[in-house]
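Please look at the structure shown here with two topics in mind, the packing of a pair of helices and an enclosed space inside the protein.

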Amino acid sequence: MSETIIWRCEEQDAGVRVDACLAAHTELSRSRIAALMAEGALSIDGRTEKKPSVRVAPGQELALHVPEAKAAEVAAQDIPLDILYQDGDVVIVNKPCGMVVHPAAGNEDGTLVNALLYHISDLSGVGGELRPGIVHRLDKDTSGLILVAKNDRAHAALSEQFKARTMEKHYRAVALGSFREDSGLIDAPIARHPADRKKMAVIAGGRESRTEWCVLERLHGATYLDVHLLTGRTHQIRVHMQHIGHPLLGDPIYAPNVRTAVRIPRLMLHAYSLAFTHPATGERMRFCAPLPADFETTLQKLSL
């Protein structure tokens with residue numbers, strides 16, 4: 001259902017940008033408000049205003065017409081989903097290995113987004129569409145925690161935490177070989193591979209990329225690690241581990257020819273823990289996802 005939001009500016013709103021003012025008093029993000037303004041949806045004291053940078057004054061009446069959120073173009077599908085937590089703003093999902101996050105060419109359905117659209121009934125829309133807002137992604141072959149926003153404001157706030165690096169993400173990984181040290185930091189820039197566009201690589205002049213690692217257990221021919229992402233680049237852990245000579249076991253892209261005494265059934269990478277500040281309550285929240293059965297079984301075999 002469409003609605004018109006009315007806000008009469010108060011003394012504390014004096015001199016504030018109109019998009020920031022409305023974002024502070026509604027559930028909409030500034031980017032969504034700006035998009036609506038570009039369509040002529042906002043009036044100030046009855047006059048249409050399209051510039052988000054306009055400053056407001058006490059007593060002015062802001063009227064923003066918000067159209068009904070459009071149905072998502074992606075189909076909802078009844079796919080089993082391990083939802084660890086949800087409230088009116090966020091959802092925490094434990095994604096299985098093998099599930100693609102977003103529909104794309106070659107993976108038009110059967111994705112996490114298809115499943116979320118079926119299982120979540122109170123989406124209020126992200127970007128004007130009734131869809132979940134994926135705050136960060138996981139590779140198809142990586143299992144574990146994904147944070148999802150149910151509305152514009154939550155999505156904007158959580159995305160900002162991700163950019164500001166105040167969201168804390170730890171992974172469990174099994175890498176080839178034995179590490180000399182018990183912990184370390186990989187600080188190496190990452191960019192698109194110059195010869196293979198499906199891969200990333202450590203390249204001078206690439207984007208800053210930093211990964212902390214800590215040995216949890218030394219295995220037969222491999223090492224079980226806790227990995228802490230300090231930045232969030234595509235394939236970051238996989239690329240960094242390959243770069244230092246310890247590719248992840250079961251990696252079909254960066255270590256396709258690695259052979260071990262134990263059969264490796266999957267990419268040995270699992271998004272284990274996630275901490276963030278709730279966009280509505282301000283509470284610091286932390287979640288953990290237990291190791292999948294195939295990951296746990298492989299670990300046990302490598303420990304024998």
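The paragraphs below take the helix pair and then the cavity.

This is a predicted model, in which local features need pLDDT of at least 70 and side-chain atom pairs count only at pLDDT 80 or more, while totals for chains, interfaces and linings use all residues. Residues are numbered from 1 along each chain as its sequence is written, and side-chain values use heavy atoms, with hydrogens and water left out.

Helix H1 (residues 18-25) packs against helix H2 (residues 30-38) at an angle of about 120 degrees, and their axes lie 9 Å apart. Helices here are DSSP runs of H or I with at least four residues, and strands are runs of E with at least two, numbered from the N terminus. Axes are lines fitted to C-alpha atoms, for helices over the stretch in contact, and angles run from 0 to 180 degrees between N-to-C directions. H1 and H2 are therefore oblique to each other, a word for angles outside the classes under 35 degrees (roughly parallel), over 145 (roughly antiparallel) and 65 to 115 (roughly perpendicular). On the H1 side the contact (heavy atoms within 4.5 Å) is made by Val-18, Asp-19, Ala-20, Leu-22 and Ala-23, and on the H2 side by Arg-30, Ile-33 and Met-37.

The largest cavity, a set of points on a 1 Å grid over the protein atoms alone where a 1.4 Å probe fits but cannot get out, has a volume of about 40 Å³, a volume being the space filled by probe spheres set on the points. Its lining, meaning residues with an atom within 4 Å of a point, includes His-136, Leu-145 and Lys-169. Strand E11 (168-176) and strand E17 (269-277) each supply at least two lining residues, and E17 gives the largest share, four residues.

Technical notes:
On a 1 Å grid over the protein atoms alone, a cavity is a set of points where a 1.4 Å probe fits but cannot get out, and a pocket is an open set with protein on both sides within 12 Å along at least five of seven lines; lining residues have an atom within 4 Å of a point.
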